[in-house]
Amino acid sequence: MPVTPDPAALASLVSRLRAAGCVFAEDEAALLVAEADDTAGLDAMTARRVAGEPLEQVVGWAEFRGLRIGVQPGVFVPRARTGLLVREAVRALPRGPRPAPGDPADARPVVVDLCCGTGAVGLAVAAEHSGVALWAVDVEPAAVACARRNAAALGPADAAVLLGDLDAPLPAALAGRVDVLVANAPYVPTAEIAHMPTEARDHEPRTALDGGADGVDLHRRVAAAAPRWLAPGGHLLIETSVRQAGATAAACEGQGLAVLVVHDDDMDGTVVVATRRSR
Ligand SMILES: C[S@@+](CC[C@H](N)C(=O)[O-])C[C@H]1O[C@@H](n2cnc3c(N)ncnc32)[C@H](O)[C@@H]1O
């Protein structure tokens, strides 16, 4: 039965959330009330939120590029800034079908989402550019399970979510056929994790955050892997930060890719777009 707290109970809920450091306490209270099945459920969700769990993990979903993406405890919550990665990936996709002499399914543009977490990035790209073939990979079983559920609800019917280290689980048949390879890999420098907000530090897995000493270790590995998979003229897009963009770009240039850095102030996002030369 839906919960309808009286004004005093609602004010008390807002106060508890505010005291716990929730900046948008009124909005969060309204969402918790809307999502709770009953009063006991509302109490349980409030306790989790007050203890510092991300709101999206508590309610079980996050809004991302207009999609309702399922989020579970222990899985990275998609951030609004990652919308830039989606926007640029959609821009980079070829407009028409590619020549495919055999199976017509092979004419679809191929998108690979490495380090997929919930699968939000690849699923948003597929939602904004219909008719892509989507492959996603994550090293965390909880993320893969979450992304598979999201793909079943939102994705192309044959979207594949694979468990493993970066590109290792991709089928060899994709080599040289990927039009867009996106990666929001971890890029927090190891020493800075201790200074992150508790929501991230204590409730998102370290594998989702830790990018090594300068934060760019995974970017170097993704860049090294990309030329094998990209089609001629295909694009690798990596989310990074303003501070780290030079190192991310250098990793891509070191693999012979042509690099452009895109930044959007409104989204507070930075993406390196690296293109495999056609010849
Ligand atoms: C910053 S989160 C991004 C998740 C998702 N792409 C998004 O934007 O919401 C990074 C993800 O990379 C995954 N990851 C870390 N190291 C990995 C590796 N070696 N291979 C595959 N996935 C990895 C983590 O499990 C985590 O889900």
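## Ligand contacts

A backbone N or O atom of Val139 sits 3.2 Å from a nitrogen atom of the ligand. This is a predicted model. Leu166 also uses its backbone: an N or O atom there lies 2.8 Å from a nitrogen atom of the ligand. Asn184 contributes a side chain instead. One of its polar side-chain atoms is 2.8 Å from an oxygen atom of the ligand.

How much of the ligand does the protein bury? The ligand alone exposes 600 Å², and the protein buries 95% of that. The surroundings comprise 19 residues. Cys115, Asp138, Asp165, Leu166 and Asn184 are the closest.

## The largest nonpolar core

The largest nonpolar core has 31 residues. Val86, Val111, Val125, Val161, Val180, Val182 and Leu237 have the most contacts inside it. Helices and strands both feed this core. Helix 5 (83-92), helix 6 (120-128) and helix 7 (141-154) each supply at least two residues. So do strand 2 (67-70), strand 4 (133-138), strand 6 (178-183) and strand 9 (269-275).

Apart from this core lies another, of 28 residues. Leu218, Val222, Ala226 and Leu257 are among them.

## Val182 and Val112

Which residues does Val182 contact beyond its neighbours within four places in sequence? They are Leu85, Ala89, Val112, Asp113, Leu114, Val121 and Leu237.

Val112 belongs to strand 3 (residues 110-114). Is Val112 buried or exposed? Its relative accessible area is 1%, under the 20% cut-off, so Val112 is buried. Residues up to four places away aside, Val112 touches Trp135, Leu170, Leu174, Val178, Val180, Leu181 and Val182. Trp135 lies 23 residues from Val112 along the chain, yet their C-alpha atoms are separated by 4.7 Å.

## Val222 in helix 9

Val222, a member of the 28-residue core, is placed in helix 9. Its relative accessibility is 1%, so Val222 counts as buried. Not counting residues up to four places away in sequence, Val222 touches Leu114, Leu166, Leu181, Ala183, Leu236 and Ile238. One of these, Leu166, is also among the residues closest to the ligand.

Val222 and Ala251 are 29 residues apart in sequence. Their C-alpha atoms are 9.0 Å apart in space.

## Helix 10: one buried face

Helix 10 spans residues 245-253. Its buried residues are Ala245, Thr248, Ala249, Ala251 and Cys252. Viewed down the helix axis, they fall within an arc of 155 degrees, so they line one face of helix 10.

What covers the buried residues of helix 10? The cover includes helix 9 (217-229) and three strands: strand 7 (230-240), strand 8 (258-264) and strand 9. Strand 9 also supplies at least two residues of the largest nonpolar core.

## Helix 2: buried and exposed sides

In helix 2 (residues 25-35), the buried residues are Ala25, Glu28, Ala29, Leu32 and Val33. These cover an arc of only 135 degrees around the axis, so they are on the same side of helix 2. Which residues are exposed on the other side of helix 2? Asp27 and Ala34 are exposed there.

Other helices help to cover the buried residues of helix 2. Among them are helix 1 (7-19), helix 3 (39-50) and helix 4 (55-59).

Methods
Residues numbered from 1 in each chain as written. Predicted model: local features only at pLDDT ≥ 70, side-chain atom pairs only at ≥ 80, totals over all residues. Heavy atoms only, no water. Core = buried A, V, L, I, M, F, W, Y, C linked by side-chain atoms within 4.5 Å. Buried < 20%, exposed > 50% of the residue type's maximum accessible area, 1.4 Å probe, protein only. Helix = DSSP H or I, 4+ residues; strand = E, 2+ residues; numbered from the N terminus. Contact = heavy atoms within 4.5 Å. Arc of directions from axis to C-beta. Near = heavy atom within 4 Å. Polar contact = N/O pair within 3.5 Å; in protein donor to acceptor, adjacent residues only side chain to side chain. Areas by Shrake-Rupley, 256 points an atom, 1.4 Å probe, with all protein chains shown as cover.
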